[in-house]
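Please look over the structure shown here. How do its helices pack, and where does the backbone do something unusual?

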Amino acid sequence: MDLQPPASNTTPRRRGRPPKSANGFSETREALLRAGVEVLTEKGFSATGIDQILSRVGVPKGSFYHFFSSKEAFGSALIERYAGYFARKLDRFLLDDSQPPLQRLRNFVADAGGGMARFEFRRGCLVGNLGQETASLPDTLRQQLAAVFADWEERVAACLEAARSDGAIAADADCQRLANCFWIGWEGAVLRAKLEASSRPLEVFADFFFAGLPR
């Protein structure tokens, strides 16, 4: 599974004032968000300059604040966009009734490795990347990131609960705690996969996690 939305095919706009029409405003704002997600899946929030994102879209620097009141507001919109995208991806795997619950989670892991490989391991998880910058992030963004992780944990916990109901894991398994462990380990594995330019850390983590599930 791709850890980031597909690359944008937006054609750069001419420099100048932002479009006056509502459609033009929405299209440019959308292009900025897509470019921002692409950049922040590779780099951190602090290391990413607004100029770098604006140049991808062809929007002059002075026009940025027509679309977002601040870099913090832009960051919040990016987190919201990425979280929604990733939640839909998770649901596509974890709610797949054609597969046993644990296989659904395995399929997510396998697809994630393929997604990172397609981008030569330059891109990771935007939420995980930002989570490593907590010391320099505004409190509002830190709280937003924590809420995103909590949402993802609930989705994995529900999948593990289905596995518990099917008898694939022990009846007394603490699915919420296991889901918490999954995401703590998963984000570390994604970081290591970027560092090593290899899906092996994802595979090592997955093998460890599944082998450790209570039976």
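This report covers helix packing, one buried residue and some backbone angles in a predicted model.

## Helix H7

Start with helix H7, residues 139-165. It has 27 residues, and at 1.5 Å a residue they should span 39 Å. The C-alpha atoms at its ends are 39 Å apart, so the expected span and the model agree.

Which residues of H7 are buried? They are Leu141, Gln144, Leu145, Val148, Trp152, Glu153, Val156, Ala157, Cys159, Leu160 and Ala163. The buried residues of H7 pack against five helices: H4 (71-94), H5, H6 (126-131), H8 and H9 (200-211).

## Ala163, a buried residue

Ala163 is part of helix H7. Is Ala163 buried or exposed? Its relative accessibility is 0%, and buried means under 20%, so Ala163 counts as buried.

What does Ala163 touch beyond the residues up to four places away in sequence? Its contacts are Pro101, Leu102, Ala168 and Ile169. Take Leu102: in sequence, Ala163 and Leu102 are 61 residues apart. In space, their C-alpha atoms are 6.3 Å apart.

## H5 against H8

Two packed helices are described by the angle between their axes and the distance between the axes. Helix H5 covers residues 101-118, and helix H8 covers residues 175-196. Their axes come within 11 Å and cross at roughly 25 degrees. Angles under 35 degrees count as roughly parallel, so H5 is roughly parallel to H8. The crossing of H5 and H8 is right-handed.

Which residues make this contact? From H5 come Leu105, Phe108, Val109, Ala112 and Met116. From H8 come Phe182, Trp183, Trp186, Val190, Ala193 and Lys194. Sorted by class, the contact of H5 with H8 has 10 nonpolar residues, no polar ones and one charged residue.

## H8 against H9

H8 also packs with H9. Here the angle is about 160 degrees, and the axes are 8 Å apart. Angles over 145 degrees count as roughly antiparallel, so H8 and H9 are roughly antiparallel to each other. The crossing of H8 and H9 is right-handed.

On the H8 side, the contact is made by Leu178, Cys181, Phe182, Gly185, Trp186, Ala189, Val190, Arg192, Ala193 and Glu196. On the H9 side, it is made by Pro201, Leu202, Phe205 and Phe209. By class, the contact of H8 with H9 has 11 nonpolar, one polar and two charged residues.

## Positive phi angles

Most residues other than glycine have a negative phi. Where is Glu120? Glu120 sits in the loop between H5 and H6. Its phi is near 55 degrees, a positive value in a residue other than glycine. Glu120 has a relative accessible area of 58%, so it is exposed.

Ala197 is found in the loop between H8 and H9. Ala197 is not a glycine, yet it has a positive phi of about 55 degrees. Its relative accessibility is 46%, so Ala197 counts as partly exposed. Gly167 comes just after H7 and takes a positive phi of about 85 degrees.

How values were computed: Residues are numbered from 1 along each chain as its sequence is written. This is a predicted model: local features need pLDDT of at least 70, side-chain atom pairs count only at pLDDT 80 or more; totals for chains, interfaces and linings use all residues. Side-chain values use heavy atoms; hydrogens and water are left out. Axes are lines fitted to C-alpha atoms, for helices over the stretch in contact, and angles run from 0 to 180 degrees between N-to-C directions. Helices (H or I, at least four residues) and strands (E, at least two) are DSSP runs, numbered from the N terminus. Angles under 35 degrees count as roughly parallel, over 145 as roughly antiparallel, 65 to 115 as roughly perpendicular and the rest as oblique. A crossing is left-handed if the near helix is turned anticlockwise from the far one by less than a right angle, and right-handed if clockwise. Contact means heavy atoms within 4.5 Å. Ala, Val, Leu, Ile, Met, Phe, Trp, Tyr, Cys and Pro count as nonpolar, Asp, Glu, Lys and Arg as charged, and the others, Gly among them, as polar. The expected span of a helix is 1.5 Å times one less than its number of residues. Buried means under 20% relative accessible area, exposed over 50%, partly exposed in between (1.4 Å probe, protein chains only).
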